[in-house]
Amino acid sequence: MSKNFERNLKPGLKLIAYADESGNTGQDLFNDSQPYFWTGSLLSPVDMQIAGEKAHQEWQRALGVKELHGAELRLEGMAKIAIGLRDFLASHSCAFVISKVEKAYHAGTTLAWVLFDSDFNMAVSPRHDHTPLFKRMLSLAILDFLREKDLKAFWVAYQQRDLHSFTTILETLQFRILDVDGDARMKELLLDALAWAARYPGEILRKAADRFDSPNILALGLLLNGINEQLPELSRIVKFVHDEQRQFGSSIMTQYEKGKNVTHMGEHPFFPFRLVRVKNFSCPIEFASSHTSIGLQIIDIVLWLVKRSEERPEIPLPDNCVRLLDYVSRKTRRAD
């Protein structure tokens with residue numbers, strides 16, 4: 001999908017956002033059947049419950065269902081309503097923000113995040129921690145040395161704050177790095193950080209993993225940042241509806257309040273990363289059942305189609321679904 005977002009939304013709009021998730025396995029990051037966690041948001045200048053009522057009834061009759069779910073309709077059912085859905089979305093200039101998190105990669109980046117935190121690892125300089133280019137270089141370098149078994153072992157150790165297992169992982173990485181040729185300075189930076197962490201594991205692994213470390217929360221943060229980056233000038237999110245959550249509802253609510261009016265600045269690689277306050281969201285989060293929300297059913301369908309096209313590209317889509325996906329692609333801001 002294109003990362004270029006077509007800005008047909010006019011400035012100064014009051015927008016409603018409908019958000020849904022797909023691929024949720026909680027803290028289980030190594031489920032082979034769901035390697036990715038997806039989050040998507042439909043941005044609409046109209047209330048879908050009102051503007052979409054007639055079209056939704058037509059889709060229900062065409063499919064013989066009471067509720068629209070991509071996983072249940074699959075491609076055969078979706079093809080029956082794809083053109084109508086595309087035309088409906090286009091008539092209201094609807095847009096999307098979508099994020100995709102690779103769960104195993106999330107474990108690796110979490111390790112890098114705790115390892116290269118200069119506030120707690122005295123072998124890591126603030127310059128290398130707070131300059132995006134250097135932090136990215138260190139993170140990518142350590143990820144190159146991590147194997148799947150390391151990621152699984154780290155995630156278990158992180159969940160339980162098992163300092164012994166964590167130290168074993170750090171020592172294994174040191175031996176692995178010492179055993180290969182490479183950039184001498186990078187090796188020195190990595191080995192210094194690992195050696196200090198292995199000596200003081202309790203300073204690095206300061207807490208056990210909690211719900212805020214789940215891919216759900218990371219994906220929501222990416223989604224909110226993507227909305228803030230692409231929101232038309234002087235526009236506001238006046239209603240944010242999220243599919244109801246039992247396991248992560250309270251954590252999602254907390255993260256939403258923390259991140260809804262914060263956006264990332266300092267994209268230049270040599271400038272420190274910083275956060276800037278904005279005023280794009282003027283509403284609390286609302287949780288609703290997809291059974292009662294047309295907007296949530298639409299984002300469910302769209303997210304399922306995007307997920308299906310990217311995770312199984314070898315299987316062709318019906319022509320009508322391709323046309324719907326083309327519209328979605330042109331109107332989507334990716335926040336991966």
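1. Start with Arg74, which is found in helix H3, residues 70-91. This is a predicted model, and the backbone at Arg74 deserves a look. Phi of Arg74 is near 55 degrees, a positive value in a residue other than glycine. The side of accessibility is intermediate: Arg74 counts as partly exposed because its relative accessibility is 43%.

2. Arg161 raises a similar point. Its phi is also positive, at about 50 degrees, although Arg161 is not a glycine. Arg161 sits in the loop between helix H7 (148-160) and helix H8 (163-178). With 32% relative accessibility, Arg161 counts as partly exposed.

3. Now the sheet. The open sheet is built from 6 strands, in the order S7-S4-S1-S2-S3-S8, and the pairing is mixed. Which strands are at the edge? They are strand S7 (285-288) and S8, and each pairs on one side only. From one strand to the next, the twist averages 25 degrees.

4. One strand pair can be followed residue by residue. Strand S2 (residues 36-44) and S3 run antiparallel and are joined by 8 bridges. To check the register, take Leu43: its bridge partner in S3 is Ala95.

5. A helix lies across this sheet. Helix H11 (residues 215-230) lies across strand S1 (14-22), S2, S3, strand S4 (236-243) and S8. Relative to S3, H11 runs at about 145 degrees.

6. Helix H14 covers residues 319-330, which makes 12 residues. Does its length fall inside or outside what the residue count predicts? What counts here is the rise: at 1.5 Å a residue, H14 should span 16 Å, and its end C-alpha atoms are 17 Å apart, so the two agree.7. The inner face of H14 can be listed by residue. Its buried residues are Cys321, Leu324, Leu325, Tyr327, Val328 and Ser329. What do they pack against? Their partners are H3, strand S3 (95-102), H13 and S8.

8. Next, the charged pairs. The whole structure holds 15 salt bridges. Among them is the pair Arg334 and Glu310, with the closest N and O atoms 2.5 Å apart. Arg334 lies in strand S8 (residues 332-334) and Glu310 in helix H13 (residues 294-311), so this salt bridge ties together parts that are 24 residues apart in sequence. Arg334 is buried, because its relative accessible area is 7%. Glu310 counts as partly exposed, at 25% relative accessibility.

9. The Arg334 and Glu310 pair has further company. Lys100, Glu310, Arg334 and Asp336 are linked in a network of salt bridges. View these four side chains together.

10. Another salt bridge joins the side chains of Lys135 and Asp129, at 2.7 Å from N to O. Are these two residues buried or exposed? Lys135 counts as buried, since its relative accessibility is 17%. Asp129 counts as buried too, at 11%.

11. The pair Lys260 and Glu257 also forms a salt bridge. Its closest N and O atoms are 3.2 Å apart. Here the two partners fall into separate classes. Lys260 counts as buried at 12% relative accessibility, whereas Glu257 counts as partly exposed at 39%.

12. Last, the cysteines. How many disulfides are there? The count comes to 0. Cys283 is in no disulfide, and the nearest cysteine sulfur, that of Cys94, is 17 Å away. Cys283 is buried, with a relative accessible area of 6%.

13. Why does Cys321 form no bond with Cys94? The closest cysteine sulfur to that of Cys321 is in Cys94, and it is 18 Å away, which is too far for a bond. Cys321 is buried, with a relative accessible area of 0%. Cys321 is also one of the buried residues of H14, the set that packs against H3, S3, H13 and S8.

Notes. Residues are numbered from 1 along each chain as its sequence is written. This is a predicted model: local features need pLDDT of at least 70, side-chain atom pairs count only at pLDDT 80 or more; totals for chains, interfaces and linings use all residues. Side-chain values use heavy atoms; hydrogens and water are left out. Helices (H or I, at least four residues) and strands (E, at least two) are DSSP runs, numbered from the N terminus. Buried means under 20% relative accessible area, exposed over 50%, partly exposed in between (1.4 Å probe, protein chains only). A disulfide is a pair of cysteine sulfur atoms within 2.5 Å. The expected span of a helix is 1.5 Å times one less than its number of residues. Contact means heavy atoms within 4.5 Å. Two strands pair if DSSP finds at least two bridges between them. Axes are lines fitted to C-alpha atoms, for helices over the stretch in contact, and angles run from 0 to 180 degrees between N-to-C directions.
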